[in-house]
Structures are given as C-alpha cells and as structure tokens.
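Open the model in your viewer and keep the selection box handy. We will walk from stop to stop, with a few questions along the way.

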Amino acid sequence: MFTPYTPNFQSLMLMLDAAHMGWWKANFQTGELYVSEYIARLLGLDGDKIRIGQLTHLIREDYRMPIHNEFMALKVGSKFDRTFPVELPEGEVWLHAQLVGRQTDPDTGTHLFGYMQRVPVHDRREAEILTLENNYHTVVKENKHMDVLLDHLPIGYFRIRLLYDSDGRAIDYLFLSVNRAAQQIVGIAPDAYTDKTAREAGLPVDAHIDKLAHIRIGDYKVCEWFAEKTRRHCRSFLYNTPNDETELVILTLDITDAVTAHKALDEQEKLLRNIIQNAPVGIEIYNHRGRLIDINTCDLEMFGVKDPGKIRGLNLFDNPNFPEETKIRIQHGESADFTARYEFGKLDGYYESTRPGHFDWTGRIRCLYDDRGELTHYLLINIDNTELRQIQNRVSEFEALFRIISEYAQVGYANYNLYNKEGYAQNVWLRNYGEADSAQIGDVIGKYRHIHPEDRKILLDLLARFSAGEVQSATAICRVL
C-alpha cells in the first residue's frame, strides 16, 4: 500500500516527475481542482489547490473556451483527452490531460481523477498536429468578434451541449453560452446558467430533454413558452450546430408585446363582432371582388334566410334587386345611399328566401380601404322601412283629412317655439288672426297686429306666463279687426 511516506510512493513520484507527468482531481461541487506537486510547480501555484476557472484562465485564449466547455461537460460525460497550450511567465507550454476515473457521491458530488503531462514538441508529426490545431483555433480567435456580436444581439441566445449516460441516452445538458438578451428575457443574473447543467440550474430537464435530443443536424424546432419569472411570452428557434450533434443553439425572441396586442385585437374583434351580430339593422360584408363573407342575424331575418352557409360567396353585383347605378358607383370606389323596393319575386334563384312579397329597402354601402389606399371590403347596411313607410302614410292621410276638416270648420292650428321664435301655422289659423296665408308665424305671435288693443294685452300677458313656465295651457277669447 502506498502512503506519502513509503519508499514506493516516493519512487513513483520521482518516475512521474521524470516523465513530466502529474495527477489531478476535480470536485465539481466545490469547483476546485487538486493537483500533484509537479503540476503545481509547473503552473507556478502556491499550493496544491486551484479553482477550475483559474486553471482555465491559464490556457491560451484560442483554446480556452473549447477546453473549458468540454471539461465542464464531464459533470455527466465520461471522456476527456485533450492537448492544449498554457501561458506561463517563462513562456508557452503544451500539456496533455486525460480523464482516468470518476466517482459520484450524493453528499459530496462528482469527483474526477486523471493525469496531466507536459508534451515536448520536437517530434515533427506531433508538431504538425499541433500546428493544425493552432491554425484552427486561430480562425476561432479571428472570429471572436462573433461572440461579442452575439452578446449584444437584441434576441436571446443560448448555446447548450447535450450530455449522455453510458447507454447513449440524453440525460442533461450544459449551458455553454447565454447572452445578455437571454438573461433579461428569462430574468437571470449574469453567468447564472453558464457552465451549469440544466439540473443544477433547477430546470425541469425530464420534461423536454427527449425533444432536444431528437433535433438532428440540419433539423430545427420552433416553440412558444412563457417565462414565469419575468412574465414574458417567448418564441424560440432551436437548431443543431454544424458537425456536432450534441450542441444546440436556441434563439429566443420576446413576443410579449405581440401577444398582448394580438389579445387586445382579438378582444376588440370579438366586441365588434358582437355589436354587428346584435345590431338592429342588417349588415353584410363583402370582399373586394364583391363576394359575401359575413352577415348578421338581423340581415338573415330581413331577407328570409335560414342557413347563412348557403349564401356565403354570393356576388353582390349579381343581386337583381341592387340598383344598377349604385353598382357602377361602388365599382368606381364611391360610397352610396339608396332606397328601392326589394322584390323577392325577382330573385330568380339568386338565393332561397322564406319571405314573400316585397319591402321598402334603404341601403347604405361603404367602400373600405387598407393603409395603402387599396379597396379591401364593401360594407352594406340594410334597413327595412316597410313599417315606417306605413306609419308615414297613415300620418299623411290623417294630416290630409284634418286639413279638409279644419278648412270646413275654420279651425286652425300652429306650432311655435318660444325660444327660437320659429314654428309652423296652418293657413286657416293665419286667416283667423287676420293675416295673409303667406305670413310668418313669428310676425303674428307677440305682435298680434289685427287683434283688438284690449284683447291684445290679454294675449301678451298669456304669452309672458307661458315663457316663464307659469302655465301649461290657457284659453282666451279675442276680437280680430
């Protein structure tokens, strides 16, 4: 058994030093890396312990992020075998590091064991390999501005690496990069996700890990979700990075404003539709070609239609009851109001109606345009004036009859507004006051030019009391000269 004080252990350390080799042990729970005396001496450390991030900082910049990401993926992965340069005060040194074993304990977390060896670069083949790697990472360094650009993108950017168990099943993923916009959208502090697995970040991995693992190279997936912490609606575009099936990029857009606007628009549309459907007038909406696309309940009743589905698509310009001059006007983009007699007998198969006869039709049609000034819809408002027309006819008949009676009985009537001094007087009424048929009522009331002076005072007093609101009705007898 080896102990630090046995000759065998000391001999082993001498052999390792001679081979320019040392051991390392990583503890992901504490984020610390323990190294042998040789490695500590090589790296210029004060002791045998260093933060994982400190060692990463020693790696040459063009190798730094790939090595760091691959090493952090060992939280779940089981393979690490890389050669990379470190920058030391005395110059650049190449190291080869390899994972030998791992231990996972529920209380102390995951521990990794491996060795690290200084690599001489005098062998030509090895030098060529290192040169190729160096050239590759030089290209990466030259494109470093892309990382800066991604960090300042107004769209959220996540880059993750899928982590698999020994059976090849995806069980977790590691966050490699999270830009500022993504941090703001999700509501996390800087570096809250970077270098952490999804399980360490407290995310529900099992709910979506299989979907992520099924995104192959060349495939993509779009999904919408809700960020609980920031109350933001998000849309994400997920795709596989080229040449690496384990790495995914997630672009996330904050669509809260669009969702809110859509919701408000949807509510307004529902309100408008509710108003249209319950309006006491018939409403029809046609597209720019004159095809019927919507109709309300009142309109269906007005035209005797039971099934609106059977009339959708009817052409406005084929309606045999529609005035020809109105068709011409709206085809030229003009709005129009019209009255006509709607004859159901003239439909001739245009549509099926349960109403017989006809009705007095008043129509108002308006041309609707978009923001570019192009015609998009026709809005037709229909009113059935049959009952109103009947009432108007009865009133006209009554007025004609009353006029005959008043002419025969010499009884006239007048309507006068005390405030604006305007009104209407029947001819008989004017003649009863001694005025000509052409006289204006404002020249009669308040002047009473042909009334006996004594009676004129009585009428003027009554007029003043009416104006003051003291009386609502009165009777007077006067003499007309």
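Is Arg312 buried, partly exposed or exposed? Select Arg312 and turn on a surface while you think about it. Arg312 counts as partly exposed because its relative accessibility is 43%, and the partly exposed class runs between 20% and 50%. Keep in mind throughout that this is a predicted model.

**Stop 1: around Arg312**

With Arg312 still selected, colour by secondary structure: the residue lies in the loop between α10 (297-302) and α11 (324-331). Now add Leu292 to the selection. Arg312 and Leu292 are 20 residues apart in sequence, yet their C-alpha atoms are 5.2 Å apart in space. Leaving aside neighbours within four places in sequence, the contacts of Arg312 are Leu292, Ile293 and Asp294. Show the backbone of Ile293 as sticks, and you will find the Arg312 side chain reaching the backbone oxygen of Ile293 at 3.5 Å.

**Stop 2: zoom out**

Clear the selection and look at the whole protein, which has 14 helices and 18 strands. Of its 481 residues, 36% are buried. The protein exposes about 29600 Å², and carbon and sulfur atoms supply 54% of that area. How much of the contact map comes from residues 24 or more positions apart? Among contacts with a separation of 6 or more, such pairs account for 46%.

**Stop 3: the nonpolar cores**

In soluble globular proteins, nonpolar side chains tend to be buried together. To see this model's largest nonpolar core, which has 38 residues, select Trp24, Leu33, Leu43, Phe71, Phe84, Val86 and Leu95, the members with the most contacts inside it. Then centre on Leu43. Not counting residues within four places in sequence, Leu43 is in contact with Leu55, Leu58, Val86, Leu88 and Leu95. A second, separate core has 27 residues, including Leu292, Leu314, Ile330 and Ile365. Leu292 should look familiar from the first stop, where it was in contact with Arg312.

**Stop 4: the largest cavity**

How many cavities of 30 Å³ or more are there? The count comes to 2. The largest cavity holds about 160 Å³ of space. Of the 13 residues that line this cavity, select Leu55, Ile59, Ile67, Phe71 and Phe80, the closest to its centre. Helices α3 (52-58) and α4 each supply at least two residues of the lining. Phe71, on this list, is also one of the residues with the most contacts inside the largest nonpolar core.

**Stop 5: from α4 to β7**

Select Asn69, which sits in helix α4 (residues 61-72). Asn69 is buried, because its relative accessible area is 4% and the limit for buried is under 20%. What does Asn69 touch beyond residues up to four places away in sequence? The partners are Arg159, Arg161, Leu174, Leu176 and Asp195. Two of these partners, Arg161 and Asp195, deserve a visit.

Move to Arg161, in strand β7. Arg161 is buried too, with a relative accessible area of 17%. Measure across to Ala73: the C-alpha atoms are 7.7 Å apart, although 88 residues separate the pair in sequence. The contacts of Arg161 include Asn69, Glu70, Asp172, Tyr173, Asp244 and Thr246. Glu247 is one of them as well, and a polar contact of 3.2 Å joins the side chains of Arg161 and Glu247.

Next comes Asp195, in the loop between α7 (180-186) and α8. Is Asp195 buried or exposed? Asp195 is buried, with a relative accessible area of 19%. Show the side chain of His68 beside it: the side chains of Asp195 and His68 make a polar contact at 2.5 Å. Other contacts of Asp195 include Met72, Lys75, Phe175 and Glu200.

**Stop 6: the second largest pocket**

Finish at the second largest pocket, which has about 690 Å³ of space. Its lining has 23 residues, and those nearest its centre are Tyr173, Leu203, His208, Trp225 and Ile250. Colour the contributing elements: β7 (156-164), β8 (170-178), α8 (209-213), β9 (220-227), β10 (232-240) and β11 (247-254) each supply at least two lining residues. Which element gives the largest share? That is β9, with 5 residues. Tyr173, from the list nearest the centre, is also in contact with Arg161.

Key:
Residues numbered from 1 in each chain as written. Predicted model: local features only at pLDDT ≥ 70, side-chain atom pairs only at ≥ 80, totals over all residues. Heavy atoms only, no water. Helix = DSSP H or I, 4+ residues; strand = E, 2+ residues; numbered from the N terminus. Buried < 20%, exposed > 50% of the residue type's maximum accessible area, 1.4 Å probe, protein only. Contact = heavy atoms within 4.5 Å. Areas by Shrake-Rupley, 256 points an atom, 1.4 Å probe, with all protein chains shown as cover. Core = buried A, V, L, I, M, F, W, Y, C linked by side-chain atoms within 4.5 Å. Polar contact = N/O pair within 3.5 Å; in protein donor to acceptor, adjacent residues only side chain to side chain. 1 Å grid on protein atoms, 1.4 Å probe; cavity = no way out; pocket = protein on both sides within 12 Å on 5 of 7 lines; lining within 4 Å. Points joined across faces, edges and corners; volume = space filled by probe spheres on them.
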